[in-house]
Amino acid sequence: MRTLTFIVTLFLCLPGNAAAYEWSARDGFAGWRFSNVSAVQPTEEGVRIFKQADGSEFSFSLPGGTVGAARVVNIRLRTMGTEAQMACVYTAGPNVRYQVLPIFDGKKWKELSFDFTGVVPSRVQVDSVTFVSDSSAPVEIKDISIHRQSFSDLLVPQGLRAFHVNSLPPFLLFGHSLNLWCYGAILVASICITLFLFLKKKRGTLFLTGAVFLLCFLLISVRETFEDFEIIDTTYRDFLSAPPGEKRYHYLSDLIDFSAFVTRTMPLGEKNLYVFSDDYDYLYLKYLLYPLRLVQRQKGDNLGRVNIFYHVGVEAEANWLMENGQAVARMGRTIAYTPTSFLYLQQ
Amino acid sequence: MNIALFFLSLALPSLAGYTLLFKEEFLSQGEKIIFSFTLGTGLLSFYLFVLGMIGVHFSVWSSAVFFVPFLTFGILKRRDIATKVSLSVPSPLSGLSPPGKALFTVLVSLILWKFFYMIFIVLSSPTIFWDAYTLWNYKAKVIYYAHGVSMNPADEGFLGGAYAHYPLNLPLIRAWTAFFTGEWDDSIVNLHAVVLFVCLLGLVFAVLKKEVGKLPAMVFTYILTGLPVLTYNVISGYADIAVGYYFLASVIMLFYWHKTRNNKFLVFAGMISAIAMFTKNEGVAIVLPAVFLTFLSCLFTTRHSWKFILGSICSFFLSSFIILFWLSKSGALSAIIEISEIRGTRFTFHTEGLMPLFHHLFLYRNFNIFWAGVILVMAIRWKKVFRPDARFFMIPALVSLSMVLYVFLFTSNVQWLINGTTINRTMVIVIPVLLVASGFLVAGEKADLRGSSAGLPPAFERDGMK
């Protein structure tokens, strides 16, 4: 039994967590290249990167020649910016590949894993790894590691899965779905069991093959259980420990806070709201604010008595509506949640 | 306090449903509770819909009318009910070997963890999934605030205010729970899906325990819990898990009718089929054909008199006639025909859907390795696939699977298969019945093992006793 445990442990560590590249905040930024970054500020646990005010995204690249041929890029970060994404651009010879993952906002550290195994030919050296983000708030980085794929990658949580109610991406092991590995194990075990029982002239194939199947099923299911625990832990730290106005579940969290703001501040007795937003935001506001009657409007349409503007390129400045720096209306009163999400009351 | 009121809002119709079932000794106590909940809440939602049809709003008095006949019956039969109620709970580990006890405990722990996870997410999160806030919960909220279902097509709240051809069972039950607790609270209302999931697991365990034994039944129940797409369907407030549950419940009732020849089970099967059709339009397109074909196969593969056959067909359809209230008022039927593309010449085999289907079923995480397990069981036990008992669940499972694959591979709905937005949760409807069918195929394996290893002839299988 001890031998088996040793072999399993050894197997799980191979080809090892030996990282080709590891970085944490105390290592500094020698050789890093920044683009559209206004400041880099050390914090207690990491470094905070601030985007230029007039830019839509910022990026930073790791020094070239330090990564070898490692293909799995892990980065731990957090941001309070909603609907933020992080892209990893991986350049190895003539191969330029990128992957984009959402960053769920909140105070909990999130680990993003970009796996380029199988996407880029093996043994081709990495020229550069660049991270690009469009987060509206500063992004704080805790650590980065780049290594060859190992079994331990299965233990990297893939984060909150609010988006994936319909389609969950596979856990990958050396570039192949973990399911596929399990099928292989069941197939090999089934053949061995059948041969063994045939030679011994016994029955019981389904029972024994079923035991192998259950073992493989449990392996994947227990992995999911660890992920579920991570989701609860994240939900707890992000939500229950966040101050009022910063509670985060999901990319719709800001809309939930905003609708609570609307309910608190809209004039008493009003039942109709004119909503200037995109279709998805409108539908969610329609649900949150029901039984208030919401009427969807496009930018440029006539205003109603009570209007909601939510991220449609119109800003509130004092009691003016501003679009591209030009004033478009001043007949009412603004009650702002943020400069781009506010109530506008026609007088 | 709201959680207590929520459970009370579901307990009351369940008690009403219990008065229909308490005499059925073939059902275990657990099955009686589960089926009471199914029938009671389903009949209540039909009643609330009929209230809307006659222009009566929700109120304490109009709701109380529903409970009066059941309460009256319950009072008249109180002594009989008291003798049937058993409060004793058998030890879950009794009869198991030590390794069996260990495995049973591990599986129960993992299932309990899943529940804790689902309940935590439901109670701490608002409704954030598209179908829930644009359709199911939105309609429930409209009905709650309007204190009833509007039947006026000119009204903004007509049949729930969104997607008028989508059925109203879930919105009505959620509106009812909100009405009972006195406020609309997303977290409390969404607990209904967790309750449905508990009932689903309970049913799977109860029916398989009779056929394959306690430990294998727990293994199959755990397999159901270990499918991520089911868990997320519960958390997200979608309706597919509910349809899958009603589908299984209806087939089980039909199975019990087949075993006992007690026509009450046939009537219950018809009623639950109607509830399934009132939950989602897939109930009409998938559940009804599958259940009806199973019913017909049972009728015509064993010898019965024509009187019995006609009587059974009438009983089944009469018991599901309540769905006609919904079908007559909504555009559901025409919507189903439109989506299924059975009119016109749009019948085309979309081969481009085969690889995405393979990926979604076998390689992604949605179903763990469930589909491979089903194929394994069917391959090894292929001789038993259409024997009695196993056939009873294989027929509805295969018919419903065929209907789903038809829609996604032979119509323009292949686009939803390729982009993965609908195929996985539609399979949730089929999975519970398919899982139970696989369980029936496994039945008899251990008896075979004991017989052959002791040098005795293999144990005479239950299937062969017919």
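**Strand β6 of chain A and the contact with chain B**

Me: Which residue is the bridge partner of A:Ile75 in β9(A)?
Reply: A:Leu112 is the partner of A:Ile75 in β9(A). The model is a predicted one, in which local features need pLDDT of at least 70, side-chain atom pairs count only at pLDDT 80 or more, and totals for chains, interfaces and linings use all residues. Residues are numbered from 1 along each chain as its sequence is written, chains are lettered from A and ligands numbered from 1 in the order in which they are written, and side-chain values use heavy atoms, with hydrogens and water left out.

Me: And which is its partner in β11(A)?
Reply: In β11(A), A:Ile75 has A:Ile144 as its bridge partner.

Me: How many bridges join β6(A) to each of these strands?
Reply: β6(A), residues 72–79, is joined to β9(A), residues 110–115, by 6 bridges in an antiparallel arrangement. With β11(A), residues 139–147, β6(A) pairs over 8 bridges, also antiparallel. Two strands pair if DSSP finds at least two bridges between them. Strands (E, at least two residues) and helices (H or I, at least four) are DSSP runs numbered from the N terminus.

Me: How many residues of β6(A) are buried?
Reply: In β6(A), 7 of the 8 residues are buried. Buried means under 20% relative accessible area, exposed over 50%, and partly exposed in between (1.4 Å probe, protein chains only).

Me: Changing topic: how many residues does each chain bring to the contact?
Reply: Chain B brings 62 residues and chain A brings 52, contact being heavy atoms within 4.5 Å. The two chains bury about 5,300 Å², 69% of it on carbon and sulfur atoms. Buried area is the accessible area (1.4 Å probe) that two parts lose on being put together, summed over both.

Me: How many salt bridges are there between the chains?
Reply: The count is 4, a salt bridge being a side-chain nitrogen of Lys or Arg within 4 Å of a carboxyl oxygen of Asp or Glu. One of these joins A:Glu227 to B:Arg365, with the closest N and O atoms 3.6 Å apart.

Me: Where is B:Asn366?
Reply: B:Asn366 is in the loop between α17 (354–363) and α18 (370–380) of chain B.

Me: Buried or exposed?
Reply: B:Asn366 is buried, with a relative accessible area of 0%.

Me: What lies 2.8 Å from a polar atom of its side chain?
Reply: The backbone nitrogen of A:Leu168 lies 2.8 Å from a polar atom of the B:Asn366 side chain.

Notes. Polar contact = N/O pair within 3.5 Å; in protein donor to acceptor, adjacent residues only side chain to side chain.
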